Amino acid sequence: LMVLTCVVVLVGIRAATCERFVPLATQHRPPRQTPTQAERMRVIARTAERLSADARPWVLAYMGSSSAREGLDPSLQHLSDEELLERMEWEMRHLQIIHNGPTTEANSAAARPDDTAALINLSNGYIQNVCHRYIFGGLQNVGYMRKYQGWFTRDFGMPPFSRRLTVEESNECLLFNANNLRKTSAGNQFYGSMTYVLDAVRMSDRLFMEAWDRWWETGSPPLGTLSHFFQLIEPHEAYMNMRPPFDKFDSANWTSDYSLSDVLNRWWVPGTPPPTTGNLKFCPYYEVMTMGNVLLPEDLLYALVGFGDGNFSVAEAGLWGSEYGAELQGWMRQMGRPLAWGNGDDSAIVLDPVVGVVQADRVTERDRALFSQLWSTLEPTDENFARLVAALPPYLLLNMISWDTRHACADIDGDPTAHVLGVDGTGACVFWRETGVPAAWECMNDGTCEQATAAHSPRALYASEEECMSKCGASWSCVGGQVQTTSSGFSEWRVHCKPVESGGRFSSIGDCQRQCYCRVR
């Protein structure tokens, strides 16, 4: 490890050496959920259940309104208001919860610098929030981070954040996600072409919903959960028809013509393209916040990555046939999670047989050999993605589950080890099982210990909670580094604390966070 000499700027504390950190790379992961987050989530869930019940009569009446019915496809007009509501509620509860981010650091700089590149997240074992990016040395926009922290405190009930951010506080910042309202094949690729499809069942006690995107919402709309969300339908419709306050995404041609029927048609009428009415043009979702942290692979259902750059301006969006793509395949295979490939909003979704994990009883060596051959010969163009789809057997084509295909996975419904992706091109259920989870414990970045919940748990090094607690959190080191903060080259010194088994300068995280002030000599 490289070390540098730092001066601890406190009276009575002698000079010490500090380990230099590698920007964004971390040895320890954040806890799944802090006690403060758990309590806030309980309050949000209780309130959401009550508000959703109160809003149900309005939503039912809306199903019979001209706004909902006029744009509804003729094949759906026979459905009663109650039937429409039942179907809509089922779909909303089963929509993918996704986090789109950059595939590479070049993609990060060109797309959204609030997110860390996929290969770094996979190596770290969690998706970094904006506060993690800042404290661990990322090129994070500090103004945006402070704005987000204001929302976390004012709108979501978290405690205020200090100006000198600590590791414990960074764990309490929230992660921005969304539901895949339009059921697109690339998630929200304008945020980056790496789509983390989250395991919403596993994460249900860490996820809450907003009526739209907090950046554009006005007033104080209510919050919901994945199970209780009727109170969000009315404000969502209003937001979808609110003129964008900026000239972006062809806003000159923007029209206030959104209604819920646009997404109902997309869900239930084959061949309906992803709708772009109203503000579906640029923020087509209900924002879903993680009241906690997203661990990898534990909270990942599968990953979906772009085949080619498509029509997006972000750099290196697609990874097909690339060195980065091969590295991503290796990470996903090691973590025991499926990888899929898409090519824009309305393409097919291809399951990667080289990674495997799903369809193990159907995928043949011929399938893997064919895929590898196409990997090395096809350039990432739209025409070649069509060739890839045509060459593969239907059981390697993934479709999102819907009301009409909901019974395909009935045989495994209720199996806690089964994690459902959707249905394949033959109509069969696509899922994987988590087995072989070690009975081991992991030291987290705040000095707490958590039990392993995934078969791939390389950081779970301790056989018992007692052993973990004896070696985690009793010794702390101060680490630091010079961080570039702008593209023009301005830099600053950042520090944070990390647990070590022994030999650290501090005996508690509190002492370390109060006294970890380092400067280069």
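Me: Let's take contact to mean heavy atoms within 4.5 Å. With that in hand, what covers the buried residues of helix 1?

Reply: This is a predicted model, and in it the cover includes helix 2 (66–69), helix 3 (81–94), helix 8 (167–171), strand 6 (207–209) and helix 9 (233–240).

Me: And which residues in helix 1 are buried?

Reply: Start with the general idea: an α-helix has 3.6 residues a turn, so residues three or four places apart point the same way. Now the case here: the buried set in helix 1 is Gln37, Ala38, Met41, Ile44, Ala48, Ser52, Ala55, Val59, Tyr62 and Met63.

Me: Where does helix 1 bend?

Reply: At alanine 55, by about 40 degrees, and proline 57 follows within four residues. End to end, helix 1 (residues 35–63) still reaches 40 Å between its first and last C-alpha, close to the 42 Å expected for its 29 residues.

Me: At what angle do helix 1 and helix 3 pack?

Reply: About 115 degrees, with the axes 8 Å apart, and the crossing is right-handed. On the helix 1 side, Arg56, Val59, Leu60 and Met63 meet Asp81, Glu82, Leu84, Leu85 and Met88 of helix 3. Two of those helix 1 residues, Val59 and Met63, are also on the buried list.

Me: Over to the sheet, then: in what order do the three strands come?

Reply: In general, strands of a sheet pair through backbone hydrogen bonds, either parallel or antiparallel. Here the order is 15-14-16, an open sheet with antiparallel pairing. Strand 15 (449–451) and strand 16 (460–462) are the edges, each pairing on one side only. Three bridges join strand 14 (residues 441–443) to strand 15, where glutamate 442 stands opposite glutamate 450.

Technical notes: Residues are numbered from 1 along each chain as its sequence is written. This is a predicted model: local features need pLDDT of at least 70, side-chain atom pairs count only at pLDDT 80 or more; totals for chains, interfaces and linings use all residues. Side-chain values use heavy atoms; hydrogens and water are left out. Helices (H or I, at least four residues) and strands (E, at least two) are DSSP runs, numbered from the N terminus. The expected span of a helix is 1.5 Å times one less than its number of residues. The bend at a residue is the angle between axes fitted to the seven residues ending there and the seven starting there. Buried means under 20% relative accessible area, exposed over 50%, partly exposed in between (1.4 Å probe, protein chains only). Two strands pair if DSSP finds at least two bridges between them. Axes are lines fitted to C-alpha atoms, for helices over the stretch in contact, and angles run from 0 to 180 degrees between N-to-C directions. A crossing is left-handed if the near helix is turned anticlockwise from the far one by less than a right angle, and right-handed if clockwise.
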